[in-house]
Amino acid sequence: MAYLVTFHWGWLLASLLLGLAMGWIAVVHRAQAVSKTTSRWLGVLAAALVAAAVARVIPGRPGYWLDLGLIMFALYLAGCAVGSWLRDWVVSRHAPAA
Amino acid sequence: MHGLFRWSSKWWPGVIPLVVFWAIAAWTTTPPLESDLAARSAAALKDSLLDKTRITVAGRDVTFAADAFSEDGRRGAVASVAAVPGVRLVNDETQLVPEAKPFVWSAERDVVRVTLGGSAPLPATKGRLLEAARATLGGVEVVDQMNLSRGAPPRFDNAALLMLDQIWKLKDGKITISDAKVSLAGMARELGGREAIAAALKNLPEGFSVAANEIKAPPYIFQAYKDPVAVTLTLTGYVPDNNAHAALVAAAGRKFFNEKVVDNIKASLGAPSGFANAVVPALGALSRLSTGTLVVSDREVKLSGDAFYDAAAAQIRAGLKDFPQGWQFKADISVKPASAPVDGTVCQQLFSGLLAKGKIRFESGRATIDPDSAGLLDRLIETALRCPSANIEIAGHTDADGEDGFNQALSEKRAQAVMDFLVKAGLPAERFTAMGYGSTQPVASNDTDEGKAQNRRIDFVVR
């Protein structure tokens, strides 16, 4: 893991920043939300992919691509969470004044 | 917290550029990642003792194939690849180098090349053997057909290096180490090479033994040529040592009373046993020939040439007395054409001339003719045959030492012994009279050893 981080830090940083931006936008965005059922299925899918990566069942290059994708996705999610939380904090600080 | 769930339902649009990023990242980073992991794996194996190492990387999975020389070494190598940071899985395709049983190594020499074959225990050993072969055999092509195998006996390297040291002493042949047994076959390059190899085999490392040593030596040659025109005896070839050399030249000097001895002999190891005992009598036989060649090759003695008369030829063909066991004597003897007859006066001159150059010798104090005098007697007989009408007195003389009666009897017996020899050679007995004069007719002073030696003599007097 440490090796992947040092080797791909640029891409991981890009994912994190993308997540921050998306999280920042999502708080006030009016886009269509994903339904609960769909998000549950997506959660199951993500868990299955993580399980596959941890169990190292996918060999060779696809295995590496899966690892890379999951790490980028994890950082994206982390970025989103931080971004949304920051936006929410900024919005709620300004709201009482308005 | 509830807010986070609400917002997360709107995070999905960012996944689209994320997937694009991911595709680009996967596309661009895979080859450098793989080559980086391959380099790190190779570096991790730097100190492992392996042969035929192959590392292929797919993604983060390393396929590692190699031949290891021990189970511990094999496990250690796999573990060190697995420990490389970034490696996800190791596909272990390593195996142990096959075990050779028996463990056979060989070095074969022919005229132009040396072929190293069989098994070597480690790549380092193999390299060292090749290097040593090239160093000792400068200029000779060295062909490597060695495989790597496990199961070498302890101290194999030392034994193999010692054998490589011997291969240059061979003209052709093969040295094989099978487990701890050494076998040698072939032909030594030089005389003494076989003995040198046998001596070197004593330095084999502990635990090794010689199963078979069939190194042959090149033939041990000694030659003598009696040239009647130049009046020389030319000796060439080899004798075992300097003592044998001196003894042989001295014997040649005694037997060839007339000829100058040209000595081109070299001393060398490797003489067959009984060499001197065979060569000295053979030289005696050569001294009886008018012209002839003696070739001694290992234990085979070949004598060819012309004898002075029929009986001499027959005696020489019949073989030699006191010839050592295991030696062969081959005589190809013809008889020299008889010389023109001469009258008694010329005969007397010829007798005197011969007896001035050489003397008929006897054993000290006895009437037994020394075999060294056979050549001279043959010449005297040949001369006697040229004047068939002359009657000849064989006169025995002694020096003045000892009692007169003993000397008289000795001189008579010696004269009689010479006469018997002539009769045995086919001359009619009635032409000869054997006379003994004791010390009554000295030709030199009896006060000196030299004078006494001159007085002890047999004279031929034509009557």
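## Two sheets, their helices and a shared interface

Helix 8 (residues 275–287) of chain B lies across strand 11 (221–227), strand 14 and strand 15 of chain B. Helix 8 runs at about 160 degrees to strand 14 of chain B. Axes here are lines fitted to C-alpha atoms, for helices over the stretch in contact, and angles run from 0 to 180 degrees between N-to-C directions. Helices (H or I, at least four residues) and strands (E, at least two) are DSSP runs, numbered from the N terminus.

This is a predicted model, in which local features need pLDDT of at least 70 and side-chain atom pairs count only at pLDDT 80 or more, while totals for chains, interfaces and linings use all residues. Residues are numbered from 1 along each chain as its sequence is written, and chains are lettered from A and ligands numbered from 1 in the order in which they are written.

**The sheet under helix 8**

In chain B, 6 strands form an open sheet in the order 13-12-11-14-15-16, with mixed pairing. Two strands pair if DSSP finds at least two bridges between them. Strand 13 (260–267) and strand 16 (328–335) of chain B are the edges; each has a single partner strand, so one side of each has no neighbour in the sheet. Neighbouring strands of this sheet are turned by 10 degrees against each other on average, direction ignored. Helix 7 (residues 242–255) of chain B packs on the sheet too. Helix 7 touches strand 12 (232–239) and strand 13 of chain B, and its direction makes about 165 degrees with that of strand 13.

Look inside the sheet. Strand 14 (residues 289–297) and strand 15 (residues 300–307) of chain B are antiparallel and share 8 bridges. Gly292(B) has Gly305(B), in strand 15 of chain B, as its bridge partner.

**The other sheet**

Chain B has another open sheet of 6 strands, in the order 7-6-5-8-9-10, again with mixed pairing. Its edge strands are strand 7 (141–148) and strand 10 (209–216) of chain B, and each pairs on one side only. On average, neighbouring strands here are turned by 5 degrees against each other, direction ignored.

Strands of a sheet pair through backbone hydrogen bonds, either parallel or antiparallel. This sheet has both kinds, as the table shows.

| Strands of chain B | Bridges | Sense | One facing pair |
|---|---|---|---|
| 5 and 8 | 6 bridges | antiparallel | Trp105(B) and Ile177(B) |
| 5 and 6 | 5 bridges | antiparallel | Arg109(B) and Val114(B) |
| 6 and 7 | 8 bridges | parallel | Arg113(B) and Glu141(B) |

Strand 5 and strand 6 of chain B also form a hairpin, with 3 residues between them.

**Helix 5 and its cover**

Helix 5 (residues 156–167) of chain B has 12 residues. At 1.5 Å a residue, it should span 16 Å (the expected span is 1.5 Å times one less than the number of residues). The end C-alpha atoms are 17 Å apart, which agrees.

Which residues of helix 5 of chain B are buried? They are Phe156(B), Ala159(B), Ala160(B), Met163(B), Leu164(B), Gln166(B) and Ile167(B). These residues cover an arc of only 155 degrees around the axis, which puts them on the same side of helix 5 of chain B. The arc is that of the directions from the helix axis to the C-beta atoms. An α-helix has 3.6 residues a turn, so residues three or four places apart point the same way.

A residue is buried if 20 or more other C-beta atoms lie within 10 Å of its own, exposed if 12 or fewer, and partly exposed in between; C-beta atoms are placed from the backbone. The cover over these buried residues includes strand 5 (104–109), strand 6 (113–120), helix 4 (123–136), strand 8 (170–178), strand 9 (181–188) and helix 6 (193–200) of chain B.

Ala200(B) is found in helix 6 of chain B. Ala200(B) is partly exposed, with 14 other C-beta atoms within 10 Å. Leaving aside neighbours within four places in sequence, Ala200(B) is in contact with Leu162(B), Asp165(B) and Gln166(B). Two residues are in contact if their C-beta atoms, placed from the backbone, lie within 7 Å. The C-alpha atoms of Ala200(B) and Leu162(B) are separated by 7.8 Å, though these residues are 38 residues apart along the chain.

**Chain A and the interface**

Chain A has 4 helices and 0 strands. Of its 98 residues, 28% count as buried.

Where do the chains touch? 34 residues of chain A are in contact with 27 residues of chain B. On the chain A side, helix 1 (2–7), helix 2 (9–26) and helix 4 (60–94) each give two or more residues. Helix 4 of chain A gives the most, with 14 residues. This side of chain A divides into 21 nonpolar, 10 polar and 3 charged residues. Ala, Val, Leu, Ile, Met, Phe, Trp, Tyr, Cys and Pro count as nonpolar, Asp, Glu, Lys and Arg as charged, and the others, Gly among them, as polar.
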